[in-house]
Amino acid sequence: MIEAVDHQGLPAPLLLTHALFQAPLHPDYHPLRIQRAGPFIKILESLDWLSPNERRVIMPIPREVQERFHTPDYLDALELAARGEADLALVKKRYQLGTRDNPILPTMAERARLLAGGSSMAAELSLTHRVVFSPAGGAHHGMPDRANGFCYTNDPVFAIKTYFDHGLSRIAYIDLDAHHGDGVEAAFTDDDRVLTISIHERGRWPGTGEHDTANAINRPVPKGFKDEELFRILDDDVLPALQRFKPEALVILSGADAMAGDPLMGLSLSNRGLVRTIKTLLPMAPRAIILGGGGYNPWTTIRYWTLLWAALTGREVPPLPSPDITAILASLDCARIRPDAVDPAWLTSWD
Ligand SMILES: [Zn+2]
């Protein structure tokens, strides 16, 4: 059983949502053409685990705020391409828009403003609510001047900048996604107000994150990496580094693609192991936000988020998913996982 995180005397943790993130937007071949946030919210509603005072709707950030990280010419290209008005060969070559990883989507410019808005709101709301979960957020590969690895823009960067705006000057970014958090590390590489920590599968795209730098801790890990090995890295490296750095806030990218069963990646963490990791990290700072990041198996991703929300809000997880929840999980599909490869436990058990 998962024990509740203690929030005695503090306002309830918040969940950030937006209708645009509740249905898949990508073409059929794309790994992100799966349902994640929509069925997750349905499961929370079925459990009666999402009261109106625990939920906020994401507001977009304006263009001038986007320009605090992204270049104006790239934002222009993103908006023009989304409207179907761009030179396709040019935006592909110069901005990586219209590639197989980053297809041109009519919603991509709006989505970029919402993702940054969500992460910025999460940081601001964490000042009073202590913990805020934004499952749609976590586009950690986004670069200032181009799309990169399914990420059109970078939203964790805006969470960190929002903390700066509120006078905080020691932010720890902890990336548990199976891919290296290259965009966030690069954004703050010369800024000693930010410590970035990334644990990711070795030898995988984008191929960076092999070594530590002055403000970055990188732990590439092998295929098959398990909970106990993650706990050892936490005890030996991550927690001592956080104790030295004394962060005023944590930006955690929880990354469901590091779990067993992900169709793109080869790590073998469990949902309980990830929840335990986040519960271990939260006391290391007075406030934290948690962003969803990757996760290409809808069943493992959604069940993990459900267990995480239970832990954050101190709710007791029933021994088994109810028939309603099993029906929600059974309605999902994933082009990357053949129907006969869907583990029955993904529908009928939490583990
Ligand atoms: Zn990933």
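Let's start with what sits over helix α1: its buried residues are covered by elements that include β1 (14-17), α10 (298-313) and α11 (323-330). Keep in mind as you look around that this is a predicted model. Which residues of α1 are the buried ones? Scan residues 37-47 and you'll find Ala37, Pro39, Phe40, Ile43 and Leu44. Right after the helix comes Asp48, and its phi is positive, near 60°.

One of the elements covering α1, strand β1, takes us to the sheet. Here 8 strands pair up in parallel to make an open sheet, and reading across you get β2-β1-β3-β8-β7-β4-β5-β6. The edges belong to β2 (55-57) and β6 (216-221); each of them has a single partner strand, so one side of each is left with no neighbour in the sheet. Going from one strand to the next, the twist averages 15°.

Now head for the β6 edge. Strand β5 (residues 194-201) runs parallel to β6, and 6 bridges join the two. If you want a spot to anchor your view, take Glu201, which stands opposite Val221 in β6.

Helices pack on this part of the sheet, too. Look at α8 (residues 227-245): it touches β4, β5 and β6, and its direction makes about 170° with that of β5. Then there's α6 (residues 156-165), which lies across β4 (171-175), β5, β7 (249-253) and β8 (288-291). Against β7, helix α6 runs at about 175°. So which strands meet both helices? β4 and β5 are on the list for α8, and they are on the list for α6 as well.

Conventions. Residues numbered from 1 in each chain as written. Predicted model: local features only at pLDDT ≥ 70, side-chain atom pairs only at ≥ 80, totals over all residues. Buried ≥ 20, exposed ≤ 12 C-beta atoms within 10 Å, placed from the backbone. Helix = DSSP H or I, 4+ residues; strand = E, 2+ residues; numbered from the N terminus. Contact = placed C-beta atoms within 7 Å. Pairing = 2+ DSSP bridges. Axes fitted to C-alpha atoms, helices over the stretch in contact; angles between N-to-C directions.
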